[in-house]
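Biologist: Could you walk me through this chain at the bench-side level?

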Amino acid sequence: MNKGFILKAKMFESGIKVTKDAKKILDKQSDIWLMDDYITCSGITLVYLDEYATVGVNEQSDIELIEVGGELFIKEEDNLIKARVITPPDYMRDEIMIEGKSICVYCNTYTDRLRLQLISGCMNKCKFCNAKEFKYEFNSISGLEQALHIGLSQSKVRHILISSGSARVEDLPKITEMYDYFAKKYSDLDLDIMMTPRGFISYTDSTDYEAYLQHLKSVGISGLSINMELNNEDYLKRFCPEKAIIGQENYLKFLSLAVKIFGKNKVRSLLIVGIEPLEETLKGVEKLAKIGVNPVLSPLFPYGEANFPPKADLFIKAREESEKICERYNIELGPLCKPCAHNTL
Ligand code: SF4
(Lines give C-alpha, C1' and ligand atoms only; values in the text may rest on other atoms or scores of the structure.)
Protein backbone atom coordinates (compact mmCIF):
# COMPACT_ATOMS: atom_id res chain seq x y z
CA MET A 1 0.00 0.00 0.00
CA ASN A 2 1.46 3.36 -0.92
CA LYS A 3 2.72 5.78 1.70
CA GLY A 4 0.32 8.56 0.68
CA PHE A 5 -2.74 6.36 1.16
CA ILE A 6 -1.55 5.08 4.56
CA LEU A 7 -1.19 8.69 5.71
CA LYS A 8 -4.66 9.49 4.35
CA ALA A 9 -6.16 6.59 6.32
CA LYS A 10 -4.39 7.78 9.47
CA MET A 11 -5.72 11.31 8.97
CA PHE A 12 -9.25 9.95 8.43
CA GLU A 13 -8.84 8.36 11.85
CA SER A 14 -7.23 11.16 13.83
CA GLY A 15 -7.51 14.34 11.76
CA ILE A 16 -4.67 16.82 11.54
CA LYS A 17 -3.40 19.50 13.91
CA VAL A 18 -2.86 22.84 12.17
CA THR A 19 0.00 24.72 13.82
CA LYS A 20 -0.15 28.50 14.34
CA ASP A 21 2.35 29.23 11.56
CA ALA A 22 0.55 26.97 9.10
CA LYS A 23 -2.70 28.70 10.02
CA LYS A 24 -1.17 32.08 9.14
CA ILE A 25 -0.44 30.81 5.61
CA LEU A 26 -3.94 29.39 5.27
CA ASP A 27 -5.59 32.56 6.54
CA LYS A 28 -3.74 34.51 3.84
CA GLN A 29 -4.91 32.01 1.21
CA SER A 30 -8.61 32.18 2.17
CA ASP A 31 -10.77 32.65 5.23
CA ILE A 32 -12.74 29.52 4.33
CA TRP A 33 -9.96 26.94 4.31
CA LEU A 34 -11.77 24.97 7.01
CA MET A 35 -15.17 23.92 5.70
CA ASP A 36 -18.06 23.06 7.96
CA ASP A 37 -20.23 21.37 5.41
CA TYR A 38 -22.13 18.12 5.18
CA ILE A 39 -20.41 15.31 7.07
CA THR A 40 -18.32 13.80 4.31
CA CYS A 41 -17.04 17.15 3.04
CA SER A 42 -16.10 18.98 6.24
CA GLY A 43 -12.56 19.82 7.19
CA ILE A 44 -9.42 20.87 5.36
CA THR A 45 -8.62 19.57 1.88
CA LEU A 46 -4.99 18.58 1.51
CA VAL A 47 -3.07 17.65 -1.63
CA TYR A 48 0.21 15.79 -1.13
CA LEU A 49 2.17 13.10 -2.96
CA ASP A 50 -0.54 11.78 -5.31
CA GLU A 51 -3.38 12.02 -2.78
CA TYR A 52 -6.29 14.36 -2.10
CA ALA A 53 -7.78 14.17 1.39
CA THR A 54 -10.45 16.15 3.22
CA VAL A 55 -9.79 15.57 6.91
CA GLY A 56 -10.93 17.04 10.20
CA VAL A 57 -8.84 19.49 12.17
CA ASN A 58 -7.95 18.08 15.57
CA GLU A 59 -5.73 19.80 18.11
CA GLN A 60 -4.93 16.40 19.70
CA SER A 61 -3.72 14.73 16.50
CA ASP A 62 -0.09 13.53 16.30
CA ILE A 63 -0.10 14.41 12.60
CA GLU A 64 0.54 18.10 12.04
CA LEU A 65 0.35 20.65 9.26
CA ILE A 66 3.40 22.83 9.73
CA GLU A 67 5.15 25.71 8.00
CA VAL A 68 8.76 25.46 6.82
CA GLY A 69 10.28 28.34 4.86
CA GLY A 70 6.89 29.75 3.92
CA GLU A 71 5.58 26.40 2.64
CA LEU A 72 3.22 23.81 4.08
CA PHE A 73 4.26 20.31 5.10
CA ILE A 74 2.50 17.39 6.74
CA LYS A 75 4.60 16.15 9.65
CA GLU A 76 4.09 12.58 10.75
CA GLU A 77 6.68 11.25 13.20
CA ASP A 78 9.99 12.17 11.52
CA ASN A 79 8.56 12.44 8.03
CA LEU A 80 7.90 15.75 6.30
CA ILE A 81 5.68 15.65 3.23
CA LYS A 82 5.12 18.74 1.12
CA ALA A 83 1.45 19.66 0.91
CA ARG A 84 -0.92 22.28 -0.37
CA VAL A 85 -4.44 23.08 0.66
CA ILE A 86 -7.34 23.50 -1.75
CA THR A 87 -9.65 26.25 -0.67
CA PRO A 88 -13.20 26.51 -1.96
CA PRO A 89 -14.24 29.28 -4.37
CA ASP A 90 -15.46 32.57 -2.89
CA TYR A 91 -19.16 31.87 -3.35
CA MET A 92 -18.83 29.18 -0.68
CA ARG A 93 -18.56 31.89 1.95
CA ASP A 94 -22.32 31.43 1.61
CA GLU A 95 -23.11 35.13 1.60
CA ILE A 96 -25.01 35.27 -1.72
CA MET A 97 -28.78 34.91 -1.46
CA ILE A 98 -30.83 33.51 -4.33
CA GLU A 99 -34.62 33.53 -4.11
CA GLY A 100 -34.42 33.80 -0.33
CA LYS A 101 -31.96 30.90 0.14
CA SER A 102 -28.20 31.01 0.50
CA ILE A 103 -26.26 29.88 -2.53
CA CYS A 104 -24.81 26.77 -0.87
CA VAL A 105 -28.32 25.37 -0.56
CA TYR A 106 -28.19 25.06 -4.36
CA CYS A 107 -24.61 24.13 -5.09
CA ASN A 108 -21.18 23.50 -3.60
CA THR A 109 -17.75 22.97 -5.11
CA TYR A 110 -15.37 20.30 -3.85
CA THR A 111 -12.03 19.95 -5.61
CA ASP A 112 -12.95 19.17 -9.25
CA ARG A 113 -16.68 18.70 -8.89
CA LEU A 114 -19.66 20.95 -8.44
CA ARG A 115 -22.57 19.40 -6.59
CA LEU A 116 -25.98 20.61 -7.68
CA GLN A 117 -28.62 19.95 -5.08
CA LEU A 118 -32.14 19.66 -6.52
CA ILE A 119 -33.74 18.90 -3.14
CA SER A 120 -32.79 20.07 0.34
CA GLY A 121 -33.21 17.37 2.95
CA CYS A 122 -34.23 13.84 2.06
CA MET A 123 -37.22 11.60 2.43
CA ASN A 124 -34.92 8.88 3.81
CA LYS A 125 -33.38 8.77 7.25
CA CYS A 126 -30.10 6.90 6.97
CA LYS A 127 -28.61 6.83 10.44
CA PHE A 128 -25.13 8.02 9.37
CA CYS A 129 -26.37 11.02 7.35
CA ASN A 130 -27.32 14.53 8.42
CA ALA A 131 -29.68 15.22 5.50
CA LYS A 132 -32.58 14.70 7.90
CA GLU A 133 -31.60 17.90 9.71
CA PHE A 134 -32.79 19.90 6.68
CA LYS A 135 -36.36 20.50 5.62
CA TYR A 136 -37.44 18.41 2.63
CA GLU A 137 -37.91 20.98 -0.11
CA PHE A 138 -37.29 21.26 -3.87
CA ASN A 139 -35.01 24.03 -5.08
CA SER A 140 -36.34 25.96 -8.07
CA ILE A 141 -34.77 25.50 -11.49
CA SER A 142 -34.22 29.27 -11.77
CA GLY A 143 -32.42 29.35 -8.40
CA LEU A 144 -30.32 26.33 -9.31
CA GLU A 145 -29.33 27.86 -12.64
CA GLN A 146 -28.26 31.15 -11.05
CA ALA A 147 -26.19 29.26 -8.50
CA LEU A 148 -24.70 27.00 -11.16
CA HIS A 149 -23.58 29.97 -13.27
CA ILE A 150 -21.93 31.62 -10.26
CA GLY A 151 -20.30 28.33 -9.24
CA LEU A 152 -18.97 27.69 -12.74
CA SER A 153 -17.67 31.26 -13.09
CA GLN A 154 -15.60 30.90 -9.91
CA SER A 155 -14.20 27.40 -10.16
CA LYS A 156 -12.80 25.22 -12.93
CA VAL A 157 -14.63 21.96 -12.38
CA ARG A 158 -14.46 18.78 -14.42
CA HIS A 159 -17.69 17.18 -13.21
CA ILE A 160 -21.16 18.23 -12.16
CA LEU A 161 -22.80 15.86 -9.71
CA ILE A 162 -26.56 16.14 -9.41
CA SER A 163 -26.85 14.88 -5.90
CA SER A 164 -29.99 15.36 -3.90
CA GLY A 165 -31.69 13.70 -1.06
CA SER A 166 -34.11 11.00 -2.16
CA ALA A 167 -37.42 12.29 -3.51
CA ARG A 168 -40.77 11.19 -2.15
CA VAL A 169 -42.33 8.67 -4.49
CA GLU A 170 -44.98 11.19 -5.61
CA ASP A 171 -42.13 13.59 -6.53
CA LEU A 172 -40.33 11.15 -8.84
CA PRO A 173 -41.85 12.66 -12.02
CA LYS A 174 -40.78 16.15 -10.88
CA ILE A 175 -37.19 15.18 -10.17
CA THR A 176 -36.97 13.34 -13.49
CA GLU A 177 -38.12 16.52 -15.27
CA MET A 178 -35.34 18.41 -13.49
CA TYR A 179 -32.73 15.81 -14.53
CA ASP A 180 -33.97 16.18 -18.11
CA TYR A 181 -33.82 19.98 -17.98
CA PHE A 182 -30.22 20.17 -16.77
CA ALA A 183 -28.96 17.29 -18.89
CA LYS A 184 -30.40 18.77 -22.10
CA LYS A 185 -29.54 22.41 -21.43
CA TYR A 186 -26.01 21.74 -20.18
CA SER A 187 -25.13 18.94 -22.55
CA ASP A 188 -21.59 20.33 -22.87
CA LEU A 189 -20.95 19.51 -19.18
CA ASP A 190 -20.11 16.12 -17.73
CA LEU A 191 -23.22 15.45 -15.64
CA ASP A 192 -23.50 12.55 -13.22
CA ILE A 193 -26.44 11.73 -11.00
CA MET A 194 -26.28 10.24 -7.51
CA MET A 195 -29.53 8.34 -7.04
CA THR A 196 -31.33 5.30 -5.71
CA PRO A 197 -32.77 2.63 -8.05
CA ARG A 198 -36.07 3.67 -9.56
CA GLY A 199 -38.41 3.64 -12.50
CA PHE A 200 -40.51 6.62 -13.60
CA ILE A 201 -43.00 6.31 -10.75
CA SER A 202 -41.71 3.70 -8.32
CA TYR A 203 -38.54 2.73 -6.48
CA THR A 204 -39.40 -0.92 -6.13
CA ASP A 205 -41.12 -1.91 -9.41
CA SER A 206 -38.05 -3.15 -11.23
CA THR A 207 -39.89 -3.78 -14.51
CA ASP A 208 -39.46 -0.07 -15.25
CA TYR A 209 -35.75 0.18 -14.41
CA GLU A 210 -34.35 -0.43 -17.88
CA ALA A 211 -36.65 2.08 -19.57
CA TYR A 212 -35.81 4.68 -16.93
CA LEU A 213 -32.06 4.21 -17.34
CA GLN A 214 -32.42 4.40 -21.11
CA HIS A 215 -34.29 7.65 -20.65
CA LEU A 216 -31.50 9.14 -18.50
CA LYS A 217 -28.91 8.10 -21.05
CA SER A 218 -30.95 9.54 -23.93
CA VAL A 219 -31.25 12.99 -22.31
CA GLY A 220 -27.48 13.19 -21.88
CA ILE A 221 -26.56 12.03 -18.38
CA SER A 222 -22.99 10.70 -18.50
CA GLY A 223 -22.69 8.54 -15.41
CA LEU A 224 -24.41 7.30 -12.27
CA SER A 225 -23.58 6.82 -8.64
CA ILE A 226 -26.00 4.35 -7.05
CA ASN A 227 -24.85 3.76 -3.50
CA MET A 228 -25.48 0.37 -1.93
CA GLU A 229 -23.98 1.69 1.37
CA LEU A 230 -23.96 -1.65 3.24
CA ASN A 231 -23.96 -5.28 2.13
CA ASN A 232 -25.45 -7.02 5.13
CA GLU A 233 -29.25 -7.01 5.18
CA ASP A 234 -29.59 -6.62 8.95
CA TYR A 235 -27.21 -3.68 9.03
CA LEU A 236 -28.98 -2.14 6.06
CA LYS A 237 -32.36 -2.48 7.77
CA ARG A 238 -30.99 -0.79 10.86
CA PHE A 239 -28.95 1.99 9.28
CA CYS A 240 -30.75 2.65 5.97
CA PRO A 241 -34.32 1.39 6.46
CA GLU A 242 -35.69 2.96 3.26
CA LYS A 243 -32.87 1.55 1.14
CA ALA A 244 -33.50 -1.85 2.74
CA ILE A 245 -37.10 -1.64 1.46
CA ILE A 246 -35.82 -1.19 -2.10
CA GLY A 247 -33.67 -4.25 -1.35
CA GLN A 248 -30.28 -5.43 -2.54
CA GLU A 249 -31.75 -7.53 -5.34
CA ASN A 250 -33.24 -4.39 -6.86
CA TYR A 251 -30.00 -2.45 -6.32
CA LEU A 252 -27.97 -5.09 -8.14
CA LYS A 253 -30.51 -5.34 -10.95
CA PHE A 254 -30.52 -1.55 -11.42
CA LEU A 255 -26.72 -1.36 -11.25
CA SER A 256 -26.31 -4.17 -13.73
CA LEU A 257 -28.70 -2.53 -16.19
CA ALA A 258 -26.93 0.79 -15.65
CA VAL A 259 -23.60 -0.79 -16.70
CA LYS A 260 -25.31 -2.30 -19.76
CA ILE A 261 -26.71 1.08 -20.79
CA PHE A 262 -24.03 3.57 -19.65
CA GLY A 263 -20.98 1.32 -20.06
CA LYS A 264 -18.09 0.24 -17.87
CA ASN A 265 -16.47 2.93 -15.68
CA LYS A 266 -19.63 5.03 -15.86
CA VAL A 267 -21.42 3.46 -12.91
CA ARG A 268 -20.17 3.47 -9.33
CA SER A 269 -21.56 2.44 -5.98
CA LEU A 270 -20.40 3.44 -2.54
CA LEU A 271 -19.94 1.13 0.43
CA ILE A 272 -19.31 2.50 3.89
CA VAL A 273 -16.33 1.07 5.76
CA GLY A 274 -16.70 1.02 9.52
CA ILE A 275 -20.31 0.08 10.23
CA GLU A 276 -20.65 -3.58 9.25
CA PRO A 277 -17.82 -6.14 9.61
CA LEU A 278 -15.13 -5.87 6.94
CA GLU A 279 -15.98 -9.27 5.44
CA GLU A 280 -19.47 -7.94 4.70
CA THR A 281 -18.07 -4.84 2.98
CA LEU A 282 -15.80 -7.09 0.91
CA LYS A 283 -18.73 -9.29 -0.13
CA GLY A 284 -20.39 -6.08 -1.31
CA VAL A 285 -17.25 -5.07 -3.23
CA GLU A 286 -17.26 -8.45 -4.98
CA LYS A 287 -20.94 -8.22 -5.91
CA LEU A 288 -20.33 -4.82 -7.49
CA ALA A 289 -17.06 -5.69 -9.22
CA LYS A 290 -18.61 -8.85 -10.70
CA ILE A 291 -21.25 -6.85 -12.57
CA GLY A 292 -18.83 -4.19 -13.82
CA VAL A 293 -19.61 -1.44 -11.27
CA ASN A 294 -16.74 0.58 -9.76
CA PRO A 295 -16.96 0.07 -5.99
CA VAL A 296 -16.25 3.20 -3.97
CA LEU A 297 -15.11 2.80 -0.36
CA SER A 298 -16.22 5.53 1.98
CA PRO A 299 -14.67 5.77 5.44
CA LEU A 300 -17.34 6.16 8.09
CA PHE A 301 -17.60 9.75 9.25
CA PRO A 302 -19.06 9.15 12.72
CA TYR A 303 -22.50 10.67 13.20
CA GLY A 304 -25.69 9.94 15.09
CA GLU A 305 -26.31 6.24 15.69
CA ALA A 306 -23.32 5.39 13.50
CA ASN A 307 -20.95 7.05 15.90
CA PHE A 308 -18.21 4.39 15.75
CA PRO A 309 -14.58 5.52 15.95
CA PRO A 310 -12.84 5.44 12.55
CA LYS A 311 -9.87 3.06 12.36
CA ALA A 312 -6.95 3.61 9.99
CA ASP A 313 -5.99 -0.10 10.05
CA LEU A 314 -9.49 -1.06 8.95
CA PHE A 315 -9.44 1.52 6.14
CA ILE A 316 -6.05 0.24 4.90
CA LYS A 317 -7.14 -3.41 5.02
CA ALA A 318 -10.42 -2.56 3.27
CA ARG A 319 -8.55 -0.84 0.46
CA GLU A 320 -5.95 -3.62 0.10
CA GLU A 321 -8.51 -6.43 -0.01
CA SER A 322 -10.86 -4.50 -2.30
CA GLU A 323 -8.07 -3.84 -4.77
CA LYS A 324 -7.38 -7.59 -4.94
CA ILE A 325 -11.05 -8.31 -5.63
CA CYS A 326 -11.25 -5.59 -8.27
CA GLU A 327 -8.15 -6.92 -9.99
CA ARG A 328 -9.83 -10.32 -10.35
CA TYR A 329 -12.76 -8.69 -12.13
CA ASN A 330 -10.66 -6.24 -14.12
CA ILE A 331 -12.33 -3.18 -12.67
CA GLU A 332 -10.97 -0.23 -10.69
CA LEU A 333 -12.12 1.15 -7.39
CA GLY A 334 -13.90 4.45 -7.92
CA PRO A 335 -14.09 7.32 -8.15
CA LEU A 336 -11.80 7.24 -11.16
CA CYS A 337 -10.93 10.92 -10.74
CA LYS A 338 -8.24 11.48 -8.06
CA PRO A 339 -9.49 14.88 -6.83
CA CYS A 340 -13.00 13.43 -6.48
CA ALA A 341 -11.53 10.78 -4.17
CA HIS A 342 -10.74 13.43 -1.55
CA ASN A 343 -13.27 11.91 0.88
CA THR A 344 -13.06 8.23 -0.10
CA LEU A 345 -10.56 5.41 0.46
S1 SF4 B 1 -30.57 8.56 1.01
FE2 SF4 B 1 -28.61 9.66 0.94
S3 SF4 B 1 -29.14 11.80 1.46
FE4 SF4 B 1 -30.87 10.53 2.09
S5 SF4 B 1 -30.53 10.07 4.22
FE6 SF4 B 1 -29.66 8.36 3.04
S7 SF4 B 1 -27.49 8.87 2.69
FE8 SF4 B 1 -28.57 10.77 3.36
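Modeller: Happily; here is a short talk about its domains and one helix pair. This is a predicted model: local features need pLDDT of at least 70, side-chain atom pairs count only at pLDDT 80 or more, and totals for chains, interfaces and linings use all residues. Residues are numbered from 1 along each chain as its sequence is written.

Biologist: What separation is there between the centres of domain 1 and domain 2?

Modeller: The domain assignment, automatic or from a database, gives domain 1 as 3-86 and domain 2 as 90-343. Taken over C-alpha atoms, their centres are separated by 26 Å.

Biologist: Which element gives the most residues to the side of domain 1 that touches domain 2?

Modeller: Residues are in contact if their C-beta atoms, placed from the backbone, lie within 7 Å, and the contact takes 18 residues from domain 1 and 21 residues from domain 2. Helices (H or I, at least four residues) and strands (E, at least two) are DSSP runs, numbered from the N terminus. On the domain 1 side, α1 (3-14) and β3 (51-55) give two or more residues. The most, 6 residues, come from α1.

Biologist: How is α9 oriented relative to α10?

Modeller: Axes are lines fitted to C-alpha atoms, for helices over the stretch in contact, with angles from 0 to 180 degrees between N-to-C directions. The axes of α9 (residues 278-290) and α10 (residues 312-328) come within 10 Å and cross at roughly 30 degrees. Angles under 35 degrees count as roughly parallel, over 145 as roughly antiparallel, 65 to 115 as roughly perpendicular and the rest as oblique. Therefore α9 and α10 are roughly parallel.

Definitions and conventions. Contact = placed C-beta atoms within 7 Å.
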